[in-house]
Amino acid sequence: MSKGALAQRIEMLEAQLSDITERTPSASGDPPVNSPVALQAAQEERQPLTNGRVSAYFGPSSGVTITENLSRIVEDAAWTDKSIPISDADQQEQRSPATTVGQGDVVPPDDVVGMQLLEGYFSNMHMRLPFVDRAEILQLHARRSDSHDLSPQERYGMFKLFMVYAIGAAMLQVTERRDSTPPSAFFENAIQFDDTLRESLSIAGIEARMLMVLYELRSSSSSSVWYSIGLAMRICTDFGMHRETHYRSLRPYEAQLRRRLFWSVYVIERYVSWSLGRPFSIAEEEIDAKLPADTEVMINHDDKVKDPSNVADRAEIPILRRFIATVRLQRIMSCIHTKIYRVDREMSTLVPEISPLLASLEEYKLALPPLEPHEDDFIQMHWNNCIRALLQPFLSILNPEDGLIKTCLHASGQTCQFFKRLRQKNASGYSFLLVNAVFVAGLTMCFCLFRSPRLWTTSVANDLRACSSALFVMAERNPSLRKYRDGLENTINQAMDFVNEASSGSLCTSNQPTAGGEALQIPTLAILEDSGNPTASVLDSHAAPFSVEARGHGDPLDVRNPFTGIFTEDFWTGDGFNLPLLDGFAW
């Protein structure tokens, strides 16, 4: 909306609020107009005018800014009222009456199905977020039929077991294309058990909130997940789990479980906050807890935790290498969010922050330990997304000839390519947060082409195809994504026209609109054109290490008709994908 339209909207809402306040009863016995009861009544009366609630806040790191910029460039604001694929209201999946189990009718799975569900959870989700005790879950599964006359602690155990079933069922639906009991049926069973421990401020309460968040990330695209995971992190802080001193008084095995729980909460809390553009629950400099050991001990044996080499067959012990690599990457991502996505500084003054952050990401990549191919693809996808998120805020002020724009374009494309590769192998699920990351990566590629149309290559075309096809297939499974699919397609078409016109010389590239309606100056800021300015040297110093010439971005395409024959009808069939919106949280 324009500033004028916003001002008119504010005036209208103020007039409506004033009218409601004047009509609120103030006679004896009625609540005062400023009491909570009266304010709640006024809010309820106002609901038809405001759709029931104020729109949720999404900060710059969520992708809102670049979406708004592009919607102005392509002159299409129809899809900017909710400009990212994250809703500010609950959108729970539809559950058929057949999957809803009445109170007391808890039906556990049989031995075969139960072990398949546990394997689906442990081989997928547990390797990403190893916060549950595998031995405890197996013991609970063995006595799953004893669901009557349970103590509060035992009821909580049954809740945890059925939540593991629910998440495991969702993982199997995607990774094996297997139809079985729907995840919502196990979820309905789980919530029937006493929630005294589940809602308590305890270690059990942290575990329970983590399981609920993992399920919510598949069944909803609501920003309310930020509240749930934020509370889990605050309980961790209340216990002191962010400090190394917390673990010194614990038995080694218990300390390892606590470390895994804290860092699992950390990973999700950071990623959710970044994806929604909201503050973290705890500052990075407040955390000095060490990472867990890179082993998974199957039994409760403290000696084997102290010295994993004592285990007879080391090859059978699942390692937590990807989880540890994820945590370390997330800590760099946290620094990027804190140093770059801030509102107290102009973006031009933050340019010097690019150099050390890029260096830390490159150092992280070089230090990665050997990983399985699908695990390496998973880490590379998020690493490239980090590069994109770091450089994206600077795209509007960088010189169009600056190599960092090319780096951002390549990283955005690689994010989409690795996502496509993981989905083709059925090696990873995703949540609405990763859907948003892929969507914003596609928009970033288009914005880079508007800034520097000379960067158009066949590799860029392939990267855009990977992003577009993923959105097309996901939109067929989830109709709420169709608006964003169409918005992305419209933006890609406009970017193609822009590249064609720029290559033919019929476009005056020094006067293209940007975020605030101003013109894209090509070259833009004079501060970047001054070779004597230290800002320019900072940018130039990092153009070479991140060159992508060797990866296929060096050969120009015949831009007279750049997309001819690429986006064909056969391509959109999506045979290489199977993308139902499932339980698999991207981490």
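Okay, let's start with the empty space: the largest cavity in this structure has a volume of about 120 Å³. Before I go on, keep in mind that this is a predicted model. In total there are three cavities of 30 Å³ or more, and I'll stay with the largest for a moment.

So what surrounds that one? There are 16 residues lining the largest cavity, and the ones closest to its centre are Ser61, Asn385, Arg388, Asn436 and Ala437. If you sort the lining by class, you get eight nonpolar, seven polar and one charged residues. Which helices supply at least two residues each to that lining? They are helix 10, residues 252–276, helix 14, and helix 16, residues 432–451. Helix 16 gives the largest share, with four residues.

Let me zoom out for a second. We're looking at a chain of 587 residues, and 53% of them are buried. The secondary structure comes to 20 helices and two strands. On the contact side, take the pairs with a separation of 6 or more: 78% of those contacts are between residues 24 or more positions apart.

Now back to helix 14, since we've just met it at the cavity. Helix 14 runs over residues 373–391, and it packs with helix 12, residues 321–340. The angle there is about 5°, and the axes are 10 Å apart. With the cut-off for roughly parallel at under 35 degrees, these two helices therefore count as roughly parallel to each other. Who makes the contact? On the helix 12 side you have Arg322, Ala325, Thr326, Leu329, Met333, Ile336 and Ile340. Helix 14 answers with His374, Glu375, Phe378, Ile379, His382, Trp383, Cys386 and Leu390. By class, that contact holds 10 nonpolar residues, three polar and two charged.

While we're on helix 14, have a look at Gln380, which sits in that helix. Is Gln380 buried or exposed? Its relative accessibility is 10%, so Gln380 counts as buried. Ignoring neighbours within four places in sequence, Gln380 is in contact with Lys365, Leu368 and Phe418.

Next, helix 10, the other cavity helix I want to pick up. Ile268 lies in helix 10, and at 0% relative accessibility this one counts as buried too. If you want a partner to look for on screen, try Val213: Ile268 and Val213 are 55 residues apart in sequence, yet 8.9 Å apart in space, C-alpha to C-alpha.

That takes us over to helix 8, which covers residues 203–219 and has Ile203 in it. Here's another pair across the sequence: Ile203 and Cys236 are separated by 33 residues along the chain and by 8.0 Å in space, again C-alpha to C-alpha. And what does Ile203 touch, leaving aside neighbours within four places in sequence? The contacts are Phe239, Met241, Arg258 and Leu261.

Last stop, helix 3, residues 64–73. Seven of its 10 residues are buried, so helix 3 is largely enclosed by the rest of the structure. The buried ones in helix 3 are Val64, Ile66, Thr67, Asn69, Leu70, Ser71 and Ile73.

That's the tour. If you'd like one view to go back to, I'd put up helix 14: it contributes to the lining of the largest cavity, and it packs with helix 12. Happy to take questions.

Terms used. Residues are numbered from 1 along each chain as its sequence is written. This is a predicted model: local features need pLDDT of at least 70, side-chain atom pairs count only at pLDDT 80 or more; totals for chains, interfaces and linings use all residues. Side-chain values use heavy atoms; hydrogens and water are left out. Axes are lines fitted to C-alpha atoms, for helices over the stretch in contact, and angles run from 0 to 180 degrees between N-to-C directions. Angles under 35 degrees count as roughly parallel, over 145 as roughly antiparallel, 65 to 115 as roughly perpendicular and the rest as oblique. Contact means heavy atoms within 4.5 Å. Ala, Val, Leu, Ile, Met, Phe, Trp, Tyr, Cys and Pro count as nonpolar, Asp, Glu, Lys and Arg as charged, and the others, Gly among them, as polar. Buried means under 20% relative accessible area, exposed over 50%, partly exposed in between (1.4 Å probe, protein chains only). On a 1 Å grid over the protein atoms alone, a cavity is a set of points where a 1.4 Å probe fits but cannot get out, and a pocket is an open set with protein on both sides within 12 Å along at least five of seven lines; lining residues have an atom within 4 Å of a point. Grid points are joined across faces, edges and corners, and a volume is the space filled by probe spheres set on the points.
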